[in-house]
Each structure stands twice: as C-alpha cells, then as structure tokens.
Amino acid sequence: MERSANVEVEGKVRMRAYFIFIAKRAVQLLAVVFFGISAAFFITHLSPIDPVQQAILRITSRSSFSPTALVAMREALTEMYGMDQPLGTQFVNFWVRLLQGDLGPSLIAFPTPAMDLVLRALPWTVGLLVTAVIITWLLGNILGGLAGYYQNNKFLKAFGVVAMGLQPIPYYIVAFIVLIIFGFVWPVLPISGGYAMHVTPGWNIDFVMSVIRHATLPALSLVLVGMGLWFLGMRALVSNIITEDYVTYAETAGVDSKKIVGFYVIRNAVIPQLTALAMVLGGIFSGTVITEEVFSYPGLGSLLIQAVNGGDYTLVIAVTAIAITAVAGAIFVVDLLHPILDPRIRVE
Amino acid sequence: MRRFLSMTVLLCFLFSATAMLFARGQPEEEGTDIAEAEGLPREQTLILQNPEGSISNPGWFNIWVGGGGGLSTGLQQLAMDTFWFVDPNEGIDGVTYNSLASGPPEYNSDYTEMRVNLRSGIYWSDGVEFTADDVVYTVETQMNTPGMNWNGPFSEQVASVEAIDDYTVHFTLQAPNSRFHSLFSVRWNAAWMMPKHIFEQVDNPLEHSFDPPVGLGPYTLHSYDINGSWYIWERRDDWERTTVAEFGEPAPRYVIYRDGGPTDRRLIEMRNGNLDMIHDLTPEGMFSIVEQDPTTRGWFDGFPYAHPDPTLPQVIFNHQDPKFQDSRVRWALALMLDAQALSMASYRGAATLSAIGIPPTGTHPDDYHEPMQDWLIDYTIEAGGQTFQPYDPDLTLRIADTVRGEFGDEVPTDEAEIRRAFGYGWWGQNLDAAAALLEDAGFTRQGNDWYMPDGSRFGFTVMIPQDGVINRLGTMVAQNWQQAGVNATAEAAPDTWDRQAVGDYEVNIAWSVETWGGHPDLSWFLDSWHSQYVVGPGEEQPARNWMRWEHPELDRIIEEIRTVDFDDHERNVELGQQYARLVVDEMPFIPIMSYNVFVVMSERYWTGYPTADNPYANPVNNWANSRYIFNMLEPVSQ
C-alpha cells in the first residue's frame with residue numbers, strides 16, 4: 001500500500017517536472033519567435049530597396065509621367081504605406097497589429113492584406129514540404145537502418161552508393177536533371193504549376209489527383225537530395241549500435257532479427273535522427289524556395305522572392321513570421337517527444 | 001529479410017509503373033496539348049509567355065491601382081483600350097492607330113485645350129456602350145483619388161474635362177502642353193479607360209479588385225489560376241464592336257498567357273508545344289532553340305534573331321560627381337571601349353549598336369541613323385594638337401564577319417541588312433586619342449595608370465545589375481577601362497534603380513533613353529531631361545534624367561519640341577538630330593546599343609507573326625500594342 005502510494009507520488013512528481021519542462025520550452029519558443037520576427041522587421045526596414053520607389057517603377061517605368069507627377073505620386077504612396085512615420089513608431093504599431101492577427105497590407109499588392117497572400121500560398125508549401133519530409137525521413141531512416149544491420153545485402157549496398165553519389169550534388173542540379181528527364185526526354189509529368197487548367201480548385205477528386213501529379217517532380221527532387229542524408233546517418237548509427245552488448249545478447253538469446261532491428265536497434269538510433277530533423281527543418285524550408293522557382297510551383301518561396309524583389313517588407317515579414325513560427329514550433333514538438341520516445345531521457 | 005526487400009522493390013516498381021501509366025492517361029501530362037487538356041482546341045488557341053511570372057495577387061484586375069495583379073497577363077493586351085496606339089515598328093496601316101478616338105487629337109493654338117472625337121458603336125464586354133462619360137469618369141476619378149496610377153499626371157495637367165456629347169470630350173489644361181495626348185497613347189501602356197457603370201457602384205476604387213474585368217478589348221477573361229500562373233482569354237462574340245475590328249477578326253479564339261519559368265523550362269515548353277511565343281530568352285537560349293526546333297524563329301530570320309526594343313542601354317555618368325564634369329574625360333572613356341568586345345560579351349555578337357543617343361530600332365534608323373551617317377563619319381575631335389576621326393562605320397560589318405564563323409549562313413551578308421541588324425557603326429577604340437584627351441584635361445599617366453589633376457588615381461565603380469545582358473555588358477566596360485589604365489571596378493547591386501534615382505553611383509550601366517520607336521518625336525523621354533527637373537546631390541531624381549545632365553542647348557531643344565506639333569515629322573526629326581549631335585559633342589552618357597529582346601515565335605500552330613521582313617508590330621508580347629498581332633495571325637493547316 002505504502003509502495004503504491006510512493007509510485008503515485010513519484011508519477012505526480014514526474015508529470016509536474018514534465019509540465020515545467022514544457023513551460024520552459026514554451027517560453028523559449030515565444031522568445032525565439034519574438035526575436036526572430038523583430039529581427040526580420042529591422043532587417044527588411046533597413047534594406048536599401050525602397051518599396052515606394054519599386055511601386056513607382058512598376059507603375060511608371062514604361063509610361064510617360066512628368067517629373068512633377070512622379071513627386072506627387074511618391075508623396076501619396078509614402079503616406080498610404082505608412083512610411084512617413086519614424087521606425088520606432090512603425091515597430092510598435094507592427095507588434096500591436098500582429099498581436100491582433102493583422103500584419104498590415106502587402107505593399108506590392110496594396111491594399112490586399114499580406115496575411116491573405118500568405119494564407120493563399122501556405123497550403124502549397126506545407127503540402128509539398130510535409131509530404132517530401134515525411135517520405136524522405138521515413139525512407140532514409142528505414143533503409144539506412146536496414147543497411148546498417150544487414151551490411152552484406154547487395155541491394156542496400158547499391159542503394160548506399162546511389163545515396164552517397166546524390167548527396168553532394170547541389171539541389172538545383174538534381175531538380176534540373178529531374179525536370180529534363182521527365183519534362184523533355186520522357187515528357188510524362190507536368191513540369192510547372194500546381195494543378196492542371198481543366199480542373200476546378202476544391203475538394204474534388206480531379207483537383208486532388210492533379211495536385212498530386214504536379215507535386216510529383218518537385219517532391220521527387222526534394223526526396224532524392226534529402227534521403228541520402230538520413231540514409232547515411234542512420235546507417236552509421238546502426239553500425240555502432242549493433243556492436244552494443246544488448247544487441248549481441250538478444251541475438252545470442254535467439255530473438256527474432258526483425259524484432260531486434262525494429263525494436264532494439266532502429267528505435268534507439270532514431271532519437272538523434274529526430275533531433276537532426278528539427279535542426280534541418282529551416283534548411284528544408286529554404287530548399288522549397290528553389291524548388292518553387294525551378295518548377296514554378298506555388299507557395300511561400302515564390303511569394304517571398306516576389307516580396308524581396310518588390311521591397312515589400314510587410315509581405316517578407318509575414319512569410320518570415322510563418323516560417324519562424326513553423327520551424328520553432330516543430331522543434332518544440334520534437335523536444336516534447338524526446339522524453340516520450342526514449343524512456344532513458346527524464347526531465348527534472 | 002529477403003522477402004521484405006523483394007516486396008519493397010516490387011512495390012516501388014508497381015507504384016512507379018502506376019504513376020507513369022496514370023500520368024500518360026492524362027493528355028496534359030504528356031508534355032503536349034496543354035490547351036486541349038483544358039478543353040480548348042489547340043488550333044484555335046495561342047499560348048504566350050507572360051514575363052511577369054506568377055502573379056502575387058492573381059484575382060486583382062483593377063489596372064488603375066497597383067494591387068499586385070498582373071499587367072501583361074493579357075489584361076492590358078486583350079481587354080483594355082484607350083484613345084491612340086503608337087507602334088514601336090511600322091504598324092499595320094501606319095505607326096499611329098486611332099483606337100477609341102476617331103482621329104488625332106485636336107489642340108487649340110496655344111496647346112491649352114485638347115478635343116477628342118470618339119468612335120461610336122464601341123461596347124464594353126458586358127454590353128454597355130462606351131461613351132464620353134467613361135472618359136470624364138476615368139480622368140476625374142483618378143484626379144480625385146491619390147494612390148491611383150494616373151492621379152499624378154491628371155491632377156498636374158488637367159484643369160477640367162467635360163463631355164460635349166456622347167462622342168466628344170474636351171480637356172482644358174493647366175498649362176500649354178503639345179504632348180498631353182501622350183498620356184492616352186500606348187507605347188508599352190497608357191491611361192486605360194475605366195467603365196463608369198462598374199466603378200460608380202464601388203465605394204472605394206482603391207479597394208476594388210475588378211474581378212471579373214469588364215473591358216473594351218476583343219477578348220474577355222475565361223478563367224485564371226488561383227496561383228496566378230496562367231490566364232485564359234476568350235474572343236468576344238461581339239468582337240466587331242471593338243476597335244480592332246477594322247483589321248478583321250482576331251484569329252485565336254482562345255489566348256493563354258502563362259508563367260514560362262526559367263530559360264530552360266521555356267525552351268522545353270515550346271518544344272513540347274505548350275508555348276507559341278516566348279517573350280525573351282538569353283542569347284544562348286535563342287541560338288539553341290532555333291537550332292533544335294525548325295518551327296521556331298526570331299524577329300530576324302537569322303542571326304542576330306532579336307527584336308531591338310526602343311530602349312538604349314548606355315554608360316551613365318553621374319554629372320554631380322566631380323570626376324565627370326569634363327566632356328574630354330567622358331569622351332576619353334568612350335574611346336577606351338572596344339565595341340566588338342561589348343557586343344560579344346553582352347549579346348554574343350547579337351547586339352545592335354548605336355553611336356548616337358537614340359535606339360537603332362523602328363523608324364529611327366530612317367530618321368536618324370542613316371541620315372546622320374555622313375556627319376558621324378566626318379566628325380572630328382581635337383586633342384593633344386591632333387585631329388581624330390573617332391567614328392568607325394565598318395565596325396558592325398566586322399562584327400558580322402566574326403559571328404559568321406560560328407553561325408554561317410544565318411548571318412546576313414547584304415550591307416544594308418547588316419547595318420539594320422548590327423547597327424550603323426560605333427566609335428572605334430582609340431587609346432591614343434583617349435590619352436591625348438585625358439592629358440588635355442590635366443590627367444597624368446604613370447606606367448599604364450591614369451591620375452587625375454589633383455594627383456589621385458583615376459578610378460570609380462561601375463554599378464551593374466546582378467545578372468542578365470546588362471550585367472555582362474557592364475563587366476566588359478569596366479574591364480576595358482581597367483586595361484586602359486583606369487581603376488574602374490564593376491559593382492553588381494540588387495538595387496541599381498533605387499540608387500540611380502538618388503544619385504548613389506559614379507558610373508551606372510542602365511538606360512535613360514526610351515522612345516516611341518515608330519515615331520520620331522523624342523519628348524517621351526527627353527522632356528524630363530529639362531534642367532528644371534534636376535535635383536541636388538542626394539535628392540531623388542524623377543525619371544528619366546538619371547545622369548542629372550544640364551545644358552542650356554538641351555533646354556532650348558526641349559522647349560522648342562514643346563511648341564512643335566506631334567505630327568510635324570520634319571521639324572521633330574530636325575530637333576531630334578540637334579539633340580543627337582549635342583550628345584555626340586558633349587558625350588553626357590555613352591550610348592551603346594538597343595535593348596535586344598530574344599522573342600521566339602513557334603510556327604507549329606500559327607503563322608503571320610511580325611518579323612523584320614514584315615514589321616507591322618512589336619513582337620514583344622507584354623507590350624499592349626502587341627494586340628494587333630492577333631488580327632494578323634493565321635492558323636497553320638493541320
């Protein structure tokens with residue numbers, strides 16, 4: 001009875017420690033988001049690209065406006081964009097608006113709210129990114145784990161050679177090769193856009209299938225480049241783990257090899273891979289910027305490029321804020337998963 | 001384990017095979033027939049590249065406000081209209097088109113009033129007739145709404161506008177202006193008419209998306225991509241009630257403007273039959289596609305292929321920088337340049353050079369380059385007690401000879417053709433003359449390095465964009481100067497146009513000369529060069545006198561052009577030539593070449609595109625006046 005009470009108390013202590021751990025990580029998350037977005041605000045506002053000048057160029061570069069008319073236009077746009085206020089005032093106003101869920105109007109699409117443009121592009125990036133990351137991470141780790149355990153398997157050895165060959169090739173080269181093969185040499189897959197012209201966007205089977213087909217090449221290019229990293233990392237980890245005593249003991253005891261590789265080896269090796277996943281999420285987001293450019297695939301990357309070129313700092317901040325929050329949030333979730341996945345990790 | 005691996009391989013194979021079969025089952029996925037996949041008959045569909053790429057705010061069609069919508073998605077080419085169009089080349093039936101106006105503008109004697117007679121029987125795409133009330137509404141709404149695109153020009157120039165009757169509009173101007181009608185004359189674009197019956201129901205025209213657009217052009221919006229990568233337009237059933245009807249029925253029933261992506265993808269899309277017109281390519285991309293696809297061609301049937309736009313890339317000196325005050329120094333820098341090297345570096349030899357400050361395109365060679373050729377050949381400069389004749393009329397012939405080695409019969413051999421395609425000549429590189437000019441200006445040379453009169457090394461940065469032909473041009477300019485002893489360094493910057501505007505540069509490679517192309521009047525760019533508009537150092541210079549050049553003779557020419565009727569061809573050419581001679585004398589900037597655009601036209605489905613042999617329109621399809629192409633196209637019989 002007394003022992004049962006002790007276990008219960010210990011469980012409560014552990015839960016309490018876990019909640020304190022979550023709270024600490026949550027504060028860190030908020031701090032990262034605040035400083036990240038604030039940095040984005042100042043970097044974009046200190047950029048030499050003047051959004052008013054860019055807007056004037058877009059409107060007048062090919063028109064015959066007199067110099068005095070241009071001066072009048074500059075004054076009107078400066079006032080409309082709220083750029084006639086000091087930077088400090090703009091910063092405070094920005095955070096007040098942001099806390100109310102409003103990032104202000106996009107400058108290249110004035111007066112359309114920047115968040116509208118971001119929310120329009122976000123599903124495409126998230127869809128592509130999540131799919132590609134899950135496929136890459138799962139395939140890379142499973143095959144890497146098997147390759148580490150079954151070191152004499154020819155298929156896995158060959159896969160290792162391919163993975164090592166692909167790994168150092170810059171992403172844009174792989175994307176370009178994929179585009180040439182499936183768009184030109186053997187033109188069987190669409191090489192641009194998010195969906196075919198004849199389908200109506202919405203929750204209908206034609207649209208969904210069209211989106212999947214259009215995402216195939218961008219996703220394939222991301223998978224090809226990304227999988228090698230996980231494969232090689234996992235293979236190395238597993239190669240070390242199989243020399244551990246408990247694995248040798250399990251084999252000696254006649255435990256089924258599938259059980260050994262699945263429950264004893266890969267499960268232990270996957271913890272650092274999970275940490276690495278959190279670390280590379282930001283890099284993967286950057287990768288989609290190039291993917292979207294190469295395949296004219298819709299999403300935040302294309303929007304970000306347009307915003308940077310147009311000096312639209314509201315839109316740049318909106319995209320950045322989403323990216324910072326998403327990446328920091330993913331790292332937060334991974335942090336929380338660690339103690340659950342690995343019983344050896346305990347929180348105090 | 002072996003079973004697991006076998007199953008994995010089998011599943012991967014099955015998945016791939018299914019994906020491929022499925023893909024091949026969809027017509028648009030075979031890399032061809034993108035139009036047929038849409039249910040559009042390919043032989044009735046023209047597909048063009050929109051150089052704007054994917055549009056950030058796809059559903060924004062309010063072209064009178066920034067808004068983030070596209071301009072050359074077909075919106076301005078197919079749906080918009082205004083009083084007049086001026087062709088950058090020769091036009092179908094003359095350079096100037098009376099579009100919504102039934103005739104040319106009618107000014108009073110002192111150019112303080114303008115009367116426009118409108119065509120009758122022109123209808124908006126929703127069936128409402130276009131009248132003078134739409135014009136008055138367009139002008140007054142934009143005058144009263146800061147933030148609308150034409151608010152500045154209208155509120156600065158218009159005192160009042162009134163509809164005399166349904167088909168007559170009368171403008172009273174705030175000051176004399178013989179070029180007021182330019183605001184309503186399409187070069188690339190112009191002030192487009194607004195449908196009063198739509199906008200008068202809107203609370204705030206700045207916030208109205210105008211989706212779907214109601215236009216005066218011969219096409220209406222069929223559908224568009226929610227991500228902004230394509231727009232489909234359909235010919236109006238009542239196209240005869242639009243202004244282009246006088247040239248016949250526009251041939252394509254459907255027109256698609258789509259994001260072409262990077263150069264390589266544009267080439268693939270055209271090869272796959274998913275693009276009929278590419279807006280622009282790199283020179284290398286152009287050479288590649290005409291070699292690989294016999295159905296494609298450029299503006300010229302052979303080398304140099306590209307269409308020379310009425311824009312003049314040039315070396316722009318900052319005239320508020322003490323280093324560039326002396327015309328002898330500017331001339332010396334011009335004579336240090338090797339034009340053949342500039343042509344090869346920028347356009348792989350496919351450049352159209354111009355020694356005078358006017359682009360060698362459209363009707364300008366007839367009005368300026370050819371008539372001024374003898375004057376240029378005889379032109380002399382005095383330096384170091386010697387007389388130099390700097391102009392080399394055979395330079396472009398030699399460039400043609402050089403590229404003939406690589407491109408063979410593609411390069412013209414007829415001298416007149418070569419001059420049209422490669423330019424009439426340029427300044428020969430003459431380092432002796434350059435040295436004499438610099439020494440006359442008080443410069444000294446130590447070894448190969450030049451020093452200014454104050455004893456400091458003569459050097460400066462050359463601002464260039466981060467990529468493209470202008471980047472390649474500027475890099476070679478700086479290299480030429482380095483080789484000649486000037487410490488010039490190319491500086492690639494992301495914000496060249498911003499820095500150019502505030503004068504934050506020493507030398508810049510860009511352009512400040514843009515003309516109508518098909519019309520000799522130079523006021524389109526030159527009026528803004530008057531010294532009355534030049535601001536102080538550090539202040540923002542309004543377009544387009546980026547070099548901040550001031551000269552009393554320049555002011556005199558501009559003021560005289562203001563008093564000359566737009567259609568007084570002889571007097572406009574005379575004043576234009578005076579300007580060109582002044583630029584040669586003063587060398588305030590170094591003119592280099594026209595901005596050549598590598599338009600590619602595929603004749604797989606359509607023929608009748610504008611070409612150098614039949615220059616009825618500008619083939620660069622983001623220009624609004626490219627709309628006349630649709631009337632001249634013919635489907636290829638299948």
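How far apart are the end C-alpha atoms of helix α4 of chain B, and what span should its twelve residues have? Here are a few friendly notes on this predicted model.

1. Helix α4 of chain B covers residues 132-143. At 1.5 Å a residue, the expected span is 16 Å, and the end C-alpha atoms lie 17 Å apart, which agrees.

2. The rest of the structure largely encloses α4(B), because nine of its twelve residues are buried. Among them are B:Ala132, B:Val135, B:Tyr137, B:Val139 and B:Met143, and the buried set also includes B:Asp134, B:Thr138, B:Thr141 and B:Gln142. These buried residues pack against α5, β6 (158-165), β7 (168-173) and α6 (196-199) of chain B.

3. Now for the contact between the chains: 60 residues of chain B touch 59 residues of chain A. On the chain B side, α1 (2-25), α2 (34-37), α5 (151-157), α7 (263-271) and α17 (496-501) each supply at least two residues. By class, that side of chain B holds 24 nonpolar, 21 polar and 15 charged residues. Helix α5 of chain B thus appears twice in these notes, as a packing partner of the buried residues of α4(B) and as a supplier of residues to the side that touches chain A.

4. A last look at B:Arg297, which sits in strand β13 (residues 296-297) of chain B. It counts as partly exposed because it has 19 C-beta neighbours inside 10 Å, where 20 or more would make a residue buried. Beyond its neighbours within four places in sequence, B:Arg297 is in contact with B:Val290, B:Met601 and B:Glu603. B:Asp498 is 201 residues from B:Arg297 in sequence, and their C-alpha atoms are 36 Å apart.

Methods:
Residues are numbered from 1 along each chain as its sequence is written. Chains are lettered from A and ligands numbered from 1 in the order in which they are written. This is a predicted model: local features need pLDDT of at least 70, side-chain atom pairs count only at pLDDT 80 or more; totals for chains, interfaces and linings use all residues. Two residues are in contact if their C-beta atoms, placed from the backbone, lie within 7 Å. Helices (H or I, at least four residues) and strands (E, at least two) are DSSP runs, numbered from the N terminus. Ala, Val, Leu, Ile, Met, Phe, Trp, Tyr, Cys and Pro count as nonpolar, Asp, Glu, Lys and Arg as charged, and the others, Gly among them, as polar. The expected span of a helix is 1.5 Å times one less than its number of residues.
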